[in-house]
Amino acid sequence: MTVTAAAAPDFAPAPHLALQQVRLQRGRSRVFDGLSLSLAEQRIGLIGDNGAGKTSLLRLLCGLEVPDTGRVLSQGQDLHAAGSQRARWVGMMFQNPDDQIIFPTVLEELALGLRPQGLSKKQAQAQALAFLQQRGLQDWAERAVTSLSQGQRQQVCWLALLLAGPRSLLLDEPYASLDLPGQARLARDMAQAPQQIIVSTHLLDHVRHFERVLWLDAGQLRADGPGATVCAAYEADVRQRLQALGD
């Protein structure tokens, strides 16, 4: 099945996110100190231990975090000065769907992401319903979000992001609450989506084939390169650390 959104954006020129000398401080903890990145590839993975800075990086890239110094850019434009336009540039799927879902029914939640496109509530809901019908999920339209499993709520968040159609999609641990069929569906959807996708995950097999993977370590960029190479280096490092603990 080909994945389409109700109102797909124009993807020319190619999406390009960038950080320029970003410093991010939380209390006494410095998350990033002068981090610069240029993110132009279509598929980018983020890996590393818990606390490495993966989620903080995604939150910076979608405007939920504001750097203490430095700039975050989308297509060369300041992300934090974009206002409502930012929703068309970049969107994020949270690790916990309950931190993201606002409305009581699936249809209302999906329609929300279409409102920045200037659609009325009725128009947005009609497009959301058509999108669900296309995917054989029309029975979900009036379902209460609270009646869904954790994995199904995660799927709702992904569908809402896909339907909204920003040019860059940021996914924070998207496979964490999905069963194997759910992981396979998400991986298939991601492979077919035209948007730039940046994925933070501990499940390395889902990003090992990506053209680029970043390994973050305590807010520093430890490695940056083809997915297979960087994932193998991270796995080797973890083995060495475990072996050292056992000695």
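Contact here means heavy atoms within 4.5 Å. The structure is a predicted model, in which local features need pLDDT of at least 70 and side-chain atom pairs count only at pLDDT 80 or more, while totals for chains, interfaces and linings use all residues. Residues are numbered from 1 along each chain as its sequence is written, and side-chain values use heavy atoms, with hydrogens and water left out.

The predictor's confidence in each residue, pLDDT, runs from 0 to 100. Its average over the protein chain is 89, and 94% of the residues score at least 70. Residues 1-12 stay under 50 in pLDDT, and the model has 25 contacts for them beyond four places in sequence. Where pLDDT is low, the predicted coordinates should not be read in detail.

An unreviewed UniProt entry carries the annotation "domain: ABC transporter" for residues 17-243; UniProt positions are given in the numbering used here, feature names are shortened, and annotations may be inferred rather than shown by experiment. Over residues 17-243 the chain is 34% helix and 26% strand, with the end C-alpha atoms 38 Å apart. Helices (H or I, at least four residues) and strands (E, at least two) are DSSP runs, numbered from the N terminus.

One open sheet has six strands, in the order E6-E7-E8-E3-E9-E10, with mixed pairing. Two strands pair if DSSP finds at least two bridges between them. Strands E6 (90-93) and E10 (220-225) stand at the edges with a single partner strand each, so one side of each is left without a neighbour in the sheet. Direction ignored, neighbouring strands of this sheet are turned by 15 degrees against each other on average. Within the sheet, strand E3 (residues 43-47) runs parallel to strand E8 (residues 196-200), and four bridges join them. Arginine 43 stands opposite isoleucine 197 in E8. Helix H7 packs on the sheet and touches E3, strand E9 (212-217) and E10; its direction makes about 30 degrees with that of E9. For such angles, axes are lines fitted to C-alpha atoms, for helices over the stretch in contact, and angles run from 0 to 180 degrees between N-to-C directions.

Helix H7 (residues 227-246) also holds arginine 241 and aspartate 237, four residues apart, about one turn of the helix. These residues, arginine 241 and aspartate 237, form a salt bridge with the closest N and O atoms 2.8 Å apart. A salt bridge is a side-chain nitrogen of Lys or Arg within 4 Å of a carboxyl oxygen of Asp or Glu, and by this rule the count comes to 14. Aspartate 237 is buried at 12% relative accessible area, and arginine 241 is partly exposed at 35%. Buried means under 20% relative accessible area, exposed over 50%, and partly exposed in between (1.4 Å probe, protein chains only). Salt bridges that share partners join Asp49, Asp217, Arg222, Asp237 and Arg241 into one network.

Another salt bridge links arginine 208 and aspartate 205, at 2.9 Å between the closest N and O atoms. Here arginine 208 is partly exposed at 25%, whereas aspartate 205 is exposed at 59%. In the salt bridge of arginine 30 with aspartate 33, the N to O distance is 3.1 Å. Arginine 30 is partly exposed at 42%, and aspartate 33 is partly exposed at 46%.

Glutamine 155 lies in helix H5 (residues 150-164). Its relative accessible area is 17%, so glutamine 155 counts as buried. Not counting residues up to four places away in sequence, glutamine 155 touches Leu137, Trp140 and Arg185.
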